[in-house]
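Student: Hi! I'd like to walk through a structure with you and ask questions as they come up. Could you show it to me?
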Amino acid sequence: MFKKVNLILLFISVSTTVAFIYFIITATENYDDTDLYVLEECEPYSEFNLLKEIKNIDSSEIVKKFPYKKYIEESGYCDVNNISNHIMILDSNYNNHWDISMNTLLVALTDSLKEYKSEELSKFNPQFLINKIEWAKKMKRYGDCYPNNKFLFYVTYEFWMSQISSLMYKYNGDNSKLRYDFRYKYLVTCLSMEKYFVSFGFSKKEKMINYLTEGRYMYIWNRIYKSTSLLTKLTLVFLIFLTIFTFIFSFKKIFLNSKK
Amino acid sequence: MKFFKIIFLSVTVLVCSSSNNLSGLVPAYDSEYVQASSITHNGEQYKVISMKRSGKRVRAKYFAYKLNGQEIHQRYNNWKTGKDIILYTSGTYMDVSFDAKTAELKGLTVDNGKIVSEKLAVNKFSGKDEMDALVIVYPHGGIAVSNLKERNLKLSGGGANPNKFYDLRGSSQDLNKFKEWAKSERATVFQTHLLAWKDKLQFEYNHGTKSAPRERRFLAIGTAPNGDVMHYIVHKPKHASLYEASKKVLNFLNERKRLKVLALLNLDTGIQDVVKIYTKSGAVNNMITSTNNQTIYNARNLLVYYFE
């Protein structure tokens, strides 16, 4: 037969063990120590001949009929020299820098590339994402170096940084434990350094811990006092009393035993 | 004796000219343009600062960029010297952290041409667009609000095409152009929830989520019956959900103030609940206070109204 005191001790030990196991499972569920490498987004060396590909396409149809898929697969768009050559070829062929050269390559490097990589983007693929971020960052630097083509490079950067930061929310929505993954955190940091902040907010538990560690006791008190129902207040009071009660009983038990 | 008279007069003139905030001597603002009042309407209390923009004497300023590592309160304190401050309040929400020192701001934010946050706000669960109000604070102190859902932002100057409607959400090109424009025009921009637009609430009560009841503060921009452009800071002290409070405040402004509300914007009253109102003589008016005792040191961004 359990005595009343033993029941309380049992309650404390079981609840502590359950909390500990829950914490360990949550913390380790998404642990992955696989390193991330910054790799080239695509092969920079290319035999691709853009002039040959577009020779039969009229200027009125080039944006529509441009061989986007082949361009992504073979053009070596990772290398700024290749892109610069492609701009020159389009400029010399159609003599319309803004509406044709810039616009066609912009569609290729943003919407077409996104569609082509839709499989990789549909799930959290950290190695793919880090390569993409690094590539987008290079685009911005190219924009600073080549002011004539700044529009293309800057908008490409803008497009991919916005896309990836929005996708990070989606990945976290698909698996809320992902935020504890080192590689996810690394990507979030990379995006933050470019001022594309990804934040998932905090759960009520996390908020409470944050407020406590920051010493915002008045804020906690105000929130509980003014924004909770009577039932919540009563439940909290009950839990506080239960905790105090169990501690007093535990100490009494220890001291009584030691005196005997 | 004459010598003492001259000394006395000199001291008086010096005191009057060096301090324009001495109570009762030189008003900090003209009550024809700015009024603070506490009003009860349909059993609800509203604390209201009404500001008339006509004449452009009431001006707005926004701080969000930590220039040279200075915190927002330091920048504000350096800037305010010689200015007649009407009020300051936290603007949009903090992100990433709850501490103003480490927090970032939610949504696209630009301070005087400097980008603070590059990304348009998206929902943290779905990744879909949210916070429809894009607030532009101009260097001359004017405020314009664009409803991002309408995708029809118009820009002038800074290389922008004045005949084009810019769609910041749907086009990376337009977003990039807008940022270039903001940099060249030294514009100040922030994003927040657009609660009402053209006298209509922009959201419905969400039965699925439980919005925390709390005190609420809004910035309302609209037109008075006489055609004056008015800016209102409305503080609703009684705790309410965002939907309930927005509905009541919109109703209050429409009925009691007969204001045609162009935009009703939410101001942060969460952990960054920073607010201070001044009387027309420059003293602190305790009509609206931070319920969580937050001071300006907790501000990650500040919307300031001043009088010139």
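Tutor: Happy to! Let's begin in chain B, where strand β2 (residues 44-52) and β15(B) pair in the antiparallel sense over six bridges. Within that pairing, B:I49 stands opposite B:I233 in β15(B). Keep in mind that this is a predicted model.

Student: Good to know. Which residue of β14(B) stands opposite B:I233?
Tutor: That would be B:L219. Strand β14 (residues 214-223) of chain B pairs with strand β15 (residues 229-240) of chain B in the antiparallel sense, over nine bridges. Another residue to look at there is B:R217, whose bridge partner in β15(B) is B:H235.

Student: How many residues sit between the strands in the hairpin of β14(B) and β15(B)?
Tutor: Five, and B:G227 takes a positive phi near 95 degrees in that hairpin.

Student: What's the strand order of the whole sheet?
Tutor: It runs β1-β2-β15-β14-β16-β12-β13 in chain B, an open sheet of seven strands with antiparallel pairing. At the edges are β1 (34-41) and β13 of chain B, and each of them pairs on one side only.

Student: I was scanning backbone torsions too. What is phi for B:K198?
Tutor: About 50 degrees, so to speak on the positive side, although B:K198 is not a glycine. You'll find B:K198 in the loop between β12 (194-197) and β13 (200-201) of chain B.

Student: Buried or exposed, that B:K198?
Tutor: Exposed, because B:K198 has 11 other C-beta atoms within 10 Å, and 12 or fewer counts as exposed.

Student: And what about phi of B:R258?
Tutor: Phi of B:R258 is near 50 degrees, again a positive value in a residue other than glycine. B:R258 lies in the loop between α4 (242-255) and β16 (260-267) of chain B. With 12 other C-beta atoms within 10 Å, B:R258 is exposed.

Student: Let's go for something buried. How many residues of strand β11 of chain B are buried?
Tutor: Five of the five residues of β11 (residues 188-192) are buried, so the strand is largely enclosed by the rest of the structure.

Student: Which way do the residues of β11(B) point?
Tutor: B:T188, B:F190 and B:T192 point one way, while B:V189 and B:Q191 point the other way. The residues on both sides are buried.

Student: Which strand is joined to β11(B) by five bridges?
Tutor: Strand β9 (residues 133-137) of chain B, and the two run antiparallel. As one example, B:V135 has B:F190 in β11(B) as its bridge partner.

Student: What's the overall picture for chain B: how many helices and strands?
Tutor: Chain B has four helices and 19 strands. Of its 308 residues, 44% are buried. Looking at contacts in chain B with a separation of 6 or more, 67% are between residues 24 or more positions apart.

Student: What is the order of the open sheet of five strands?
Tutor: That sheet in chain B goes β3-β19-β4-β17-β18, with antiparallel pairing. Its edges are β3 (58-63) and β18 (284-285) of chain B; each has a single partner strand, so one side of each is left without a neighbour in the sheet. For β18(B), strand β17 (residues 275-278) of chain B pairs with it in the antiparallel sense over two bridges. There, B:I277 stands opposite B:N285.

Student: Switching to chain A: at what angle do the axes of helix α8 and helix α10 cross?
Tutor: Roughly 15 degrees, and the axes of α8 (residues 126-145) and α10 (residues 182-193) of chain A come within 10 Å. That makes α8(A) roughly parallel to α10(A), since angles under 35 degrees count that way. The crossing is left-handed.

Student: Which residues make the contact?
Tutor: From α8(A) they are A:P126, A:L129, A:I130 and A:I133, and from α10(A) they are A:R183, A:L187, A:C190 and A:L191. Those residues divide into seven nonpolar, no polar and one charged.

Student: Last one: how many residues of chain A are in contact with chain B?
Tutor: 27 residues of chain A, and they touch 26 residues of chain B. On the chain A side, α9 (150-174) and α12 (217-227) each supply at least two residues. The most comes from α9(A), with 12 residues. That side of chain A divides into 11 nonpolar, 10 polar and six charged residues.

Notes:
Residues are numbered from 1 along each chain as its sequence is written. Chains are lettered from A and ligands numbered from 1 in the order in which they are written. This is a predicted model: local features need pLDDT of at least 70, side-chain atom pairs count only at pLDDT 80 or more; totals for chains, interfaces and linings use all residues. Axes are lines fitted to C-alpha atoms, for helices over the stretch in contact, and angles run from 0 to 180 degrees between N-to-C directions. Angles under 35 degrees count as roughly parallel, over 145 as roughly antiparallel, 65 to 115 as roughly perpendicular and the rest as oblique. A crossing is left-handed if the near helix is turned anticlockwise from the far one by less than a right angle, and right-handed if clockwise. Two residues are in contact if their C-beta atoms, placed from the backbone, lie within 7 Å. Ala, Val, Leu, Ile, Met, Phe, Trp, Tyr, Cys and Pro count as nonpolar, Asp, Glu, Lys and Arg as charged, and the others, Gly among them, as polar. Two strands pair if DSSP finds at least two bridges between them. A residue is buried if 20 or more other C-beta atoms lie within 10 Å of its own, exposed if 12 or fewer, and partly exposed in between; C-beta atoms are placed from the backbone.
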